Structures are given as structure tokens and as C-alpha cells.
Amino acid sequence: MHIKEGLKERHTLSVTVTNEPGVLARIAGMFTARGYNIESLTVADITEDDSISRITIVTAGTPAVIEQVVAQLDRMVPVHKVTDLTLLGDHVERELALVKVAGTGDHRIEALRLAEVFRANVVDTTISSFVFEVTGASTKIDRFVELMKEIGLVEVARTGIVAMARGKEAI
Amino acid sequence: MPKEQSGANILVEALCDLGVEVIFGYPGGAVLPIYDALFQQKRIRHILVRHEQAATHAAEGYARATGKPGVVLVTSGPGATNAVTGITDALMDSIPMVVITGQVATHLIGSDAFQEADTVGITRHCTKHNYLVKSPETLGNVIHEAFHIATTGRPGPVVVDIPKDVQVATAPYKKPGTINHASYRPQIKGDIKLIEAAVEMLAAAERPILYTGGGIINSGPAASQILRELARITGAPVTSTLMGLGAYPASGEAWLGMLGMHGTYEANWAMNQADLIVCLGARFDDRVTGRLDAFAPKAKKIHVDIDRSSMNKTVRVDLPIVGDVGHVMEDMVKVWKARQHTKADLSAWWTQIDEWRAKKSLSYPPSTTEIMPQAAVQALWNATHKKNPIITTEVGQHQMWAAQHFHFESPNKWLTSGGLGTMGYGLPAAIGAQLGNPNALVIDIAGEASIQMNIQELATATQYRLPVKIFILNNEYMGMVRQWQELTYSSRYSESYSDALPDFVKLGEAYGWKGIRIETPDQLESGIAEMLAYDGPVIVDCLVAKVANCFPMIPSGASHVEMILADDQVSGELDDEAKALV
Ligand SMILES: Cc1ncc(C[n+]2csc(CCOP(=O)(O)OP(=O)(O)O)c2C)c(N)n1
Ligand SMILES: [Mg+2]
């Protein structure tokens, strides 16, 4: 016997929640409990009084699973609103990464040249290394990291995706 | 400014303000301040169980039988972990319950202190919501909010974890006004446009069926009344899940019996052949649908549920209506009448249904030498149904036989563990139900294996002079397990024999109960009569046929129409796909 799986889609969800202890565990735990994927999850409070956090979750699943994910999030007590940005259509997604590259001589020059192409900023430097800050779509960061491997990639830290619908309305 | 009082007193005050009359609990170090506060008041009655799991099931039984939330109080660590099974049970069956757990003092949390357990962590995914209360100032509001969440929307268990220092520290308490929660707003009324569409679909259907569930019981007695009205004006047949029994009377004309794995032939065939299924407060559980890709292939589906996540979870529906099923049915009836729809001519449909009914799928091979378990349930029904009893069950064949052969006329009379299927539910649930209905006849229809899982509760019934009855269908097997082994594993009865059984009569007597043994068919009626005549708790050990099977049965992985009706259709071994399903 073999276990079957359906075709998956990638969706970016924006979830606003009451900023209370355990809320992240509640949400992340719901994903594991129900066997849903989390590809990326970011969270930070977005109100002056720290009362509401905005969570951006990238998940993958069949359309039926995605519909369930949204409904399961929506029924949780501290959840205010769930928006499926992918379903909504037009939205922007951005990610930030810090990329440490070590090397000397030509490698240094090549690293800086590539950083310029990717509009990455140098945020730390030593005689033999740089830390670059690069922002953009995840695919852009992937490509930057890939190129840096050839030059002397040491380590990468990524924030995960934050996302927002285009246009003048709030979600 | 109201006067300052201890957290423990705030808790008691808040519970009184919420109308709590009974708490099921068990003391321990981390709840001593609360127990002391309870000692010094008279408004709330505390029922001392013998195991925290039983406290949760008793609270469930109380809730299911009265419609009020069940309240539990347990200590930290083992008290809380022992309660987890009942909390999960309440989540699965949507039972309103508030569980107060003690916790070590706030400065000790996280230090592996004595009897510390991460109660909010452990119960996060088996509660509707949970709280760790960090100051007495917030305690009162949290308790009120916990009850609000437990009892509204889709009901469920809520845990409130209270550290010991919060129980001792003082703060003012004032009863809060109506709760206006920032993010939790269950939808009660259904969208009227969708309801109108549903009514038109119902009016146009040729082979409609109302598939009802526990949501109707949860919505309150009025929902059961309006269901009867809906069935009457539409002329549609009615079936129900295990959890919904009693919402529509078993003596009603439109009643097809329970559907699903052990449902009737007519109910399952009607689901399979219907052109419209109106799901009312049920959730297309796997025990109901059988094989999903063969489920109700001809039917359009309307789903009314208060929980949006129930929509399209397992079965895609054509018309989802989110709202309280009682309110939605009321609107459906109103729209139906306003549009002057009359009962459609469903005579062809009913003729077909009568053919299925003629199969008499609940019949079983009679015996003159052994008591057939089905006959025992029937005898019990004959002797008691005029008293409108409350029936609880354990889990297994006896539970299904009770569901099939005990006929319920009204809601809140049938208390069983459906979603989680928890052996050990029935006795504590009967205790809870009896406390909520002191004058009712309450019977736990039990199996000899299940009853041993919370047998210690015999003492609780004795202590509070609760005249509950236990009727054990003793087949000396974990019968349901044995039945599956017979069907799936060529009768290799691995560990399903109930060996070393206690003498239940003597066991009952040791706890101050009356014990009765029924061994032969001719003793059945008199034994039941003796049980009913006794003014106090009675345990009946009814020895039944040992290897009887529960039919009809839809084997797991099969469709509604692949129902097995009798032993001779039982195959010896199933394939791996079927073996992998529960
Ligand atoms: C706590 C728990 N453990 C295990 C099971 C699995 N199980 C389901 S039915 C059953 C046998 C029950 O035997 P008994 O109470 O004698 O009832 P019968 O089926 O014989 O009527 C078992 C072990 C369960 N439902 N609950
Ligand atoms: Mg048994």
C-alpha cells in the first residue's frame, strides 16, 4: 500500500491576532496538529499599544486544504482576520536576508559587484568578509545566495516573507 | 471600588454570578486555596469524584443532560493530565465545559516544580481555548470570558489554569457586563439569501433527506421542535448521527433511524440515492460517510453548521450556511411558509424507502438459550421508555446496540462519547446526568471491559446517594475489537478477551450498590424489573451471547451500499487499504 497526496498550491496568508501569550504556539501548533505545511512564518505587532500582531504565513496544500487552513485559523479565539493574499490576487511579498561572505582579492571585488546588481547593502565589513543586507522577493534572495556560494558564502539569515495587498485598502 | 478579595474567592464569586450550581472535582496542593473558599460557602455544590477523568465525563454528562455548561476543578500536574481525556472528548463532541486547573505559583512556573505540568501547552489543542491567569485582577473577567466561549458558537471545553499565588493574592472583583470579545464573534443567524436558496432546493427536490446531528441538541430543545416542524412541512425523511439521536423522535413517521457505520439499511441507502441532502448540525464524519468518493453520488448538499471549518472539510457541499442550526431551521420554516410551498409529492421516494425498510436491517438471529445483546437492549427499552430515561453508554458494540435498539423521543436523553469514542465515559456521565436531573431514571448501558475504566466512580454515586443504574452487556470480550478482528484478521483474537473479570455483583455490593446477575433469557424481564424497583444504585451483570456481531455494518473503506447485514456476509481478511483505516 502507498500513501497518496494531491497537487499542492502555495498560498500567502495574512492573519491578525490579539497579541497574547501563546498565540503563536496556538497557530503554529494548529498547523502541525492538522498536518498542514508552514513554509515561512513571520510575526510582529503592528499596533502602537502592542495589542495586535500581524502574522504572515506561507503554506502549501491542495485548494481544499488551503480553504480548511483559512477556516481553521478563522475559528481560533484570538484571531481577528484571515486574508488569503494569493486568492486576493495582486499583492507584494518581500523578504530580507543577511548574507555573510568571506574572501580576499578578486572574490571581494566580485562580491561587491554582484551586491550592487542586487541592490544589497554592506552592513558589516572586515578585511576578509562582508555582511550584505538584501531585500526582495524570495526568488531574488535565493539567486543572490546561490551566486555568493561560488564566491565564499559563510552563512545566511532570512526573515521569512511579509506580504501586503496592493492598492489603497487595508486587509 | 469593590472590596479586595482573594483570587480563590473571586473565582467562587464569578462562578456564582454565572449560575454554576455543581462542580466536579478532586483536590490537591495547587488548588487548596480554592477548596478552602468552597468550604466556606453554600451556593455551589462540589462533587468529589474518584479520578479526574471522571470529573470531566461527569461534567459532560451534566452538560449534555441539562444544556448547562459542566464545570471541573482539578489540581496541577497529574490532576490536569488526568483530565485531558475528558477535555478532548468534550472538544470532539462539542460539549460546553469549563475546567479550572491549579498551577504552581507564578515564580515557579518553568522550574519543573513539584506537580508542575505545562497545562496550557498540553491542553492547547484539545480545548476550544485556554488561559493561564497571571494576576487576580484579570481572574474574574477571564472566568466570565471562559464561560462565554465554552457555551456560545460551537460549544467546547475551555481550560483556565490558575497559579496558586494568584488564588491567594487579592484584588477587587466586579461582575462584568455583557462580553464584547474583540475577535471571537460566532455567527448565529444564517445568511437569508442562502436560506432562501436552500428552501427552493428543498421544495424542488424529489428525493430529499434531512441528515441531522449533535448540533441540533447543542442548539437547545427549541431546535429539536423546529426540526420536527421542518420535517412535517417538507415531508422529507430524517436520519441522524449518533450524536443527534433524540432530536427527531424515533416514533416519528419520517424517522429512518441512525445512519453511518452501524446505521440502518434505509438510512444509508436513502443517503446514497437522495437528490438532496440537508445536513443540519452534523459534520460528515468518516463514521457517517463511509468511502468518500462513493458518498451520496447523486445528491446536492446543503450544510448548516455554526462552525465554518466544518464546511467542505471532508465532503464538498453545494450550499454552505454558517449559523446556529436552530435559527437557520426557523428561518427555513418561515421562508417555506411565506413562499407558500406545499409538501411535494414524495410518494415515489417513500415507496422506495419502505422497500429498504422492509429489509428489517436491525433484526438479528434469535436465541432461546442465550440472551442476545440486542434483545437485552430491547427489553430495557420496553421496561423503561415510559419513564423517559436518560441513557449513557460506554464504547463498543453495546453502544451501537443501544443506539440502534433504544429509541429516543426527545433531546438530551442520549449521552455517548461519539467523536473520541472514550471507554469509561458512561458511568461518570450517568453520575453527572443524575445530578442535573435528580428525579430522572439514568442508565449506563455498558460493556464489561469499558466499565472497568472508571469503575472507581461507583463510590461517587454511593457517596451522593445517586440512584444510577449500570446495565452491563457482558460478552466477556472487547466485543467491538473482536468483531473487527473477525472481519479483518481472520478471527485472530489478539488480546480482546476480557479475562480475569471481577464478580460485578460482589464488586457493586462492596461499594454499597445493589448487584443483580441475569444469566438466561427468562431472567431478563424480572432482572430488569428488580433493577427498576430498587431505590438506589444498581449494577446489573447481564451475561449475553459472547460472539454476537453488530450489524448492519459498513466496513471501513466501503460505501453506504456495501453494507453487511449478517454474519454470513463477513469476510475473513481485508486488504491493506482497508486495514489502514480506523
Ligand atoms: C479508552 C479506550 N481505549 C481503547 C478503545 C478501543 N476500543 C473500542 S471498543 C473496545 C472494546 C470495548 O469492550 P466492551 O466495553 O466490553 O464493549 P463491547 O464491545 O464488548 O460491547 C475497545 C478496546 C477505546 N474506544 N477507548
Ligand atoms: Mg464486552
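## Val20 of chain B

In this predicted model, Val20(B) is buried, with a relative accessible area of 10%. Because that value falls under the 20% cut-off, Val20(B) counts as buried even though the residue belongs to a loop, the one between helix H1 (7-17) and strand E2 (22-25) of chain B. From Val20(B) to Gly214(B) the C-alpha to C-alpha distance is 24 Å, and the two residues are 194 apart in sequence.

## The sheet that contains E2

Strand E2 of chain B belongs to an open sheet of six strands, ordered E3-E2-E4-E5-E7-E6, with parallel pairing. Strand E3 (45-48) and strand E6 (129-132) of chain B are the edge strands, and each of them pairs on one side only. On average, neighbouring strands in this sheet are turned by 20° against each other, direction ignored.

Within the sheet, strand E5 (residues 97-103) and strand E7 (residues 157-163) of chain B are joined in the parallel sense by seven bridges. Across this pairing, Gly102(B) faces Ile162(B), which lies in E7(B).

## The sheet that contains E9

Another open sheet of chain B has six strands in the order E11-E10-E9-E12-E13-E14, again with parallel pairing. Strand E11 (255-258) and strand E14 (319-322) of chain B are at the edges, and each has a single partner strand, so one side of each lacks a neighbour in the sheet. The average turn between neighbouring strands here is 15°, direction ignored.

At the E14 edge, strand E13 (residues 300-305) of chain B pairs with E14(B) through four bridges in the parallel sense. Val304(B) is placed opposite Ile321(B) of E14(B).

## Strand E9 and its two partners

Strand E9 (residues 208-212) of chain B is largely enclosed by the rest of the structure, because five of its five residues are buried. Pro208(B), Leu210(B) and Thr212(B) point one way from the strand, while Ile209(B) and Tyr211(B) point the other way; all are buried.

E9(B) runs parallel to strand E12 (residues 276-280) of chain B, and five bridges join the two. In this pair Leu210(B) stands opposite Val278(B) of E12(B). E9(B) also pairs in the parallel sense with strand E10 (residues 238-240) of chain B, over three bridges. There Tyr211(B) stands opposite Thr239(B) of E10(B).

## Helix H16 and the loop after it

Helix H16 (residues 397-405) of chain B is mostly covered, with nine of its nine residues buried. The buried residues include Gln397(B), His398(B), Gln399(B), Met400(B) and Trp401(B). Ala402(B), Ala403(B), Gln404(B) and His405(B) are buried as well.

Asn412(B) is in the loop between H16 and strand E16 (414-415) of chain B. Its relative accessible area is 15%, and Asn412(B) is buried. A polar atom of the Asn412(B) side chain lies 2.7 Å from the backbone oxygen of Arg64(B).

## Surroundings of ligand 1

Around ligand 1 there are 17 residues, of which Gln397(B), Gly421(B), Ser450(B), Tyr477(B) and Gly479(B) come nearest. By class, the shell consists of eight nonpolar, eight polar and one charged residues.

Oxygen atoms of ligand 1 have polar contacts with both side-chain and backbone atoms of the protein. A polar side-chain atom of Ser450(B) is 2.6 Å from a ligand oxygen. For Tyr477(B), a polar backbone atom lies 2.8 Å from an oxygen atom of the ligand. For Met480(B), the distance from a backbone N or O atom to a ligand oxygen is 2.9 Å. Ligand 1 taken alone exposes 580 Å², and the protein buries 77% of that area. H16 and helix H19 (479-488) of chain B are the elements that give two or more residues to the shell. H19(B) supplies the largest share, three residues.

Conventions:
Residues are numbered from 1 along each chain as its sequence is written. Chains are lettered from A and ligands numbered from 1 in the order in which they are written. This is a predicted model: local features need pLDDT of at least 70, side-chain atom pairs count only at pLDDT 80 or more; totals for chains, interfaces and linings use all residues. Side-chain values use heavy atoms; hydrogens and water are left out. Buried means under 20% relative accessible area, exposed over 50%, partly exposed in between (1.4 Å probe, protein chains only). A residue is near a molecule or strand if one of its heavy atoms lies within 4 Å of it. A polar contact is a pair of N or O atoms within 3.5 Å; within protein, one must be able to donate a hydrogen and the other to accept it, and residues adjacent in sequence count only if both atoms are side-chain atoms. Accessible areas come from the Shrake-Rupley method with a 1.4 Å probe; for residues, only the protein chains shown count as cover. Ala, Val, Leu, Ile, Met, Phe, Trp, Tyr, Cys and Pro count as nonpolar, Asp, Glu, Lys and Arg as charged, and the others, Gly among them, as polar. Two strands pair if DSSP finds at least two bridges between them. Axes are lines fitted to C-alpha atoms, for helices over the stretch in contact, and angles run from 0 to 180 degrees between N-to-C directions.
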